[in-house]
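I opened a notebook page for this protein and wrote down what I looked up, one topic at a time.

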Amino acid sequence: MKKQLARYGAIFMTALLLAACGGGERTVSADASAEIPEEILGELDEETLQELVEEPRYVALTFDDGPRRDTTSVLLDGLLERGVPATFFVIGRQIPGNEDLLKRMKAEGHQIGNHTYDHTRLLTAEPDKVVEEIHKTEVLLTELLGEGDYWLRPPYGAIGKTRAALVKTPMIYWTVDPEDWKTLDAAQVTEHVVSHVEPWGIILLHDFYPTSVQAALDIIDQLQAEGYTFVTVEELFRIRGVEPKAGCLYASPDKLRSLS
Ligand code: NI
């Protein structure tokens, strides 16, 4: 009987978890063309029409595994020059000595998130370790930048259901991964991202590599020319009208990752 109850308990918890992460319902939808009167539509040239009818294209650039003094500084300069906000998922142990970079990120409108203290594989870590790894970085960020909701990107994008239940913030995956750490080739990384990106997407890069910093700036220049607007991950969800939930892993505001 006891065993059976425990089994039902587990099923119930799974159902709860599914219900908790399910939905991700959109509350906002925009159809610009519906708002343009017919007689005006006929008067417009092709290019203007395109601009009016198309939904704005929003996308978020995210950077993992920093901060790193030489590369992150160059990236921040490039982002500032272009007026582009990004999201940085930082490793806790790399914060000491780089406090000024974190303060600069915040001052310049970037979102800062948590990438654990030691870049730990949360899929297999003991539950206590999972909590500690997230908490240690959260404490450092709070001391430095003040209270905040520091969203988590699990290292390797990997976390299972039971450990995810311990996470008190939304978790962010990605829609485009050019494997910049592997190719270490700015042109190749740029080409991959530009050809795979879609509106409401989240691009994964690492500000740890000079080639990735170069690629990020090239990606911005190319996608801005295509009409994309860069926003932080938080803004991407807000504009899309999606309220992300704690303990759920999102590839984008429209795509939830199922947890193993
Ligand atoms: Ni990482």
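The entries below go from the whole chain to its cores and then to confidence.

**Entry 1, the chain.** I noted at the start that this is a predicted model, and I then looked up the secondary structure, where the protein chain has eleven helices and eight strands. I checked burial next and found that 45% of the 260 residues count as buried. For the surface, I wrote down about 13,400 Å² exposed by the protein chain, with 53% of it supplied by carbon and sulfur atoms. I also looked at contacts with a separation of 6 or more, and 76% of these are between residues 24 or more positions apart.

**Entry 2, the cores.** I looked up the largest nonpolar core, which has 36 residues, and the ones with the most contacts inside it are Phe-88, Leu-102 and Ile-203. Helix H10, residues 210-225, gives this core its largest share, namely seven residues. I also found a second, separate core of 30 residues, and among its members are Phe-89, Leu-122, Ile-172 and Leu-259.

**Entry 3, one residue.** Which residues does Ile-203 touch, not counting those up to four places away in sequence? I listed Val-59, Ala-60, Leu-61, Thr-62, Val-176, Val-193, Val-197, Ile-219 and Leu-223.

**Entry 4, confidence.** I recorded an average pLDDT of 89 for the protein chain, with 85% of the residues scoring at least 70. Over residues 1-18, however, pLDDT stays under 50, and the model has three contacts for them beyond four places in sequence. Residues 27-33 also have a pLDDT below 50, and this stretch has eight contacts in the model beyond near neighbours in sequence.

Methods:
Residues numbered from 1 in each chain as written. Predicted model: local features only at pLDDT ≥ 70, side-chain atom pairs only at ≥ 80, totals over all residues. Heavy atoms only, no water. Helix = DSSP H or I, 4+ residues; strand = E, 2+ residues; numbered from the N terminus. Buried < 20%, exposed > 50% of the residue type's maximum accessible area, 1.4 Å probe, protein only. Contact = heavy atoms within 4.5 Å. Areas by Shrake-Rupley, 256 points an atom, 1.4 Å probe, with all protein chains shown as cover. Core = buried A, V, L, I, M, F, W, Y, C linked by side-chain atoms within 4.5 Å. pLDDT = per-residue confidence, 0-100.
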